[in-house]
Amino acid sequence: MKKATFIFLVAVISLGCSNESVGYKWVDVTNVDSDDTLSVRSQPDVASEKLGELRYNQAGVKVRDDALKDSKSNWLPVQSGDLVGWVNKHYVRPAKLASFSEPLKCLGTEPFWSLEAKDGEIVFSDMGETELDYATLNISQSQNHTNAWLFRFGDGASQGRMMLKQTEQCNDDMSDRLYDYEVGIELPEGRFLTGCCNPQ
């Protein structure tokens with residue numbers, strides 16, 4: 001298996017936040033006191049069963065259904081990890097996700113996996129078996145290397161990390177092709193994988 005050097009790119013990525021590209025696909029919890037939580041209900045009704053809670057500052061919570069994101073409804077259907085239910089719109093706002101200028105396509109072998117990073121989202125796939133999408137919460141540049149970056153991403157409940165470095169020497173262990181970037185990714189559930197990336 002390929003030796004892992006993680007970290008990320010400099011020329012391709014620009015830090016920033018994007019509301020328009022994400023809309024209400026992702027939301028952040030707001031208007032909740034620091035000593036309080038936001039209730040997740042079984043139905044779009046304050047009298048319905050409470051299924052769980054979101055933290056007062058929780059970011060990157062996924063909204064489940066575009067059809068119900070209209071101004072007439074006071075509720076949004078959300079998912080945070082295994083918690084699936086409804087929250088009142090008053091307590092969430094469109095997420096301010098970290099974005100970068102060019103999308104990335106990454107892959108790894110043994111086991112085979114792929115990843116796309118674009119428009120403030122990271123989509124991970126086990127080559128057709130599982131597809132997981134996450135909000136990109138933050139992108140940080142290394143303090144001592146200009147070509148090294150750390151991504152933090154998650155679904156609201158837990159976070160993962162992606163580190164990427166521009167080397168122009170990454171090999172996929174299956175061919176003679178060289179990729180621009182080496183990547184290491186730790187998924188929110190704990191899996192750690194390494195591979196290569198190119199701009200899309």
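These are my notebook entries on a predicted model of one protein chain.

**Confidence first**

I began with how far to trust the model. The protein chain averages a pLDDT of 85, and 84% of the residues score at least 70. The weak stretch I noted is residues 1-23, where pLDDT stays under 50. For that stretch the model still has 77 contacts beyond four places in sequence. I left its details alone.

**Salt bridges**

How many salt bridges are there? The count comes to nine. I looked up three of them.

I started with Glu-121, which forms a salt bridge with Lys-25. Their closest N and O atoms are 3.0 Å apart. This pair links distant parts of the chain, with the two positions 96 residues apart in numbering terms. Glu-121 sits in strand β12 (residues 121-125), while Lys-25 is in the loop between β1 (17-18) and β2 (26-29). I then checked how covered each partner is. Glu-121 has 15% relative accessibility, so I put it down as buried, the cut-off being under 20%. Lys-25, at 30%, counts as partly exposed.

Next I went to Lys-62 and Asp-133, whose side chains meet in a salt bridge at 2.8 Å, N to O. Lys-62 lies in strand β5 and Asp-133 in strand β13 (residues 131-141), so this bridge ties together parts that are 71 residues apart in sequence. Lys-62 is partly exposed, with 24% relative accessibility. Which residues end up in one network? Salt bridges that share partners join Lys-25, Lys-62, Glu-121 and Asp-133. I drew that one in the margin.

The third pair was Glu-53 with Lys-50. Here the closest N and O atoms are 2.7 Å apart. Glu-53 is partly exposed at 42% relative accessible area, and Lys-50 is also partly exposed, at 39%.

I added a general reminder for myself: side chains of opposite charge can pair when their charged atoms come close.

**Ser-48 and its loop**

Then I moved to Ser-48, which I found in the loop between β3 (37-41) and β4 (50-55). Is Ser-48 buried or exposed? Its relative accessible area is 12%, and buried means under 20%, so Ser-48 is buried. I wanted to see what lies around Ser-48. Leaving out residues up to four places away in sequence, Ser-48 touches Arg-41, Ser-42 and Gln-43. Gln-43 came up again when I looked at polar atoms: its backbone oxygen lies 3.1 Å from a polar atom of the Ser-48 side chain.

**Asn-57, past β4**

Following the chain on, I reached Asn-57 in the loop between β4 and β5 (61-63). Asn-57 is partly exposed, at 45% relative accessibility. Which distance did I note here? From C-alpha to C-alpha, Asn-57 and Val-32 are 7.7 Å apart in space, although 25 residues separate them in sequence.

**A nonpolar patch**

Last, I looked at the surface. Which residues form a nonpolar patch there? Phe-112, Met-127 and Met-174 do, with about 330 Å² of accessible area together. I picked Phe-112 for a closer look. Phe-112 belongs to the loop between β10 (104-108) and β11 (113-118). With a relative accessible area of 44%, Phe-112 counts as partly exposed.

Note on methods: Residues numbered from 1 in each chain as written. Predicted model: local features only at pLDDT ≥ 70, side-chain atom pairs only at ≥ 80, totals over all residues. Heavy atoms only, no water. Helix = DSSP H or I, 4+ residues; strand = E, 2+ residues; numbered from the N terminus. Buried < 20%, exposed > 50% of the residue type's maximum accessible area, 1.4 Å probe, protein only. Polar contact = N/O pair within 3.5 Å; in protein donor to acceptor, adjacent residues only side chain to side chain. Contact = heavy atoms within 4.5 Å. Patch = residues over 30% accessible without salt bridge, like charges linked within 9 Å, V, L, I, M, F, W, Y side chains within 5 Å. Areas by Shrake-Rupley, 256 points an atom, 1.4 Å probe, with all protein chains shown as cover. Salt bridge = Lys/Arg side-chain N within 4 Å of Asp/Glu carboxyl O. pLDDT = per-residue confidence, 0-100.
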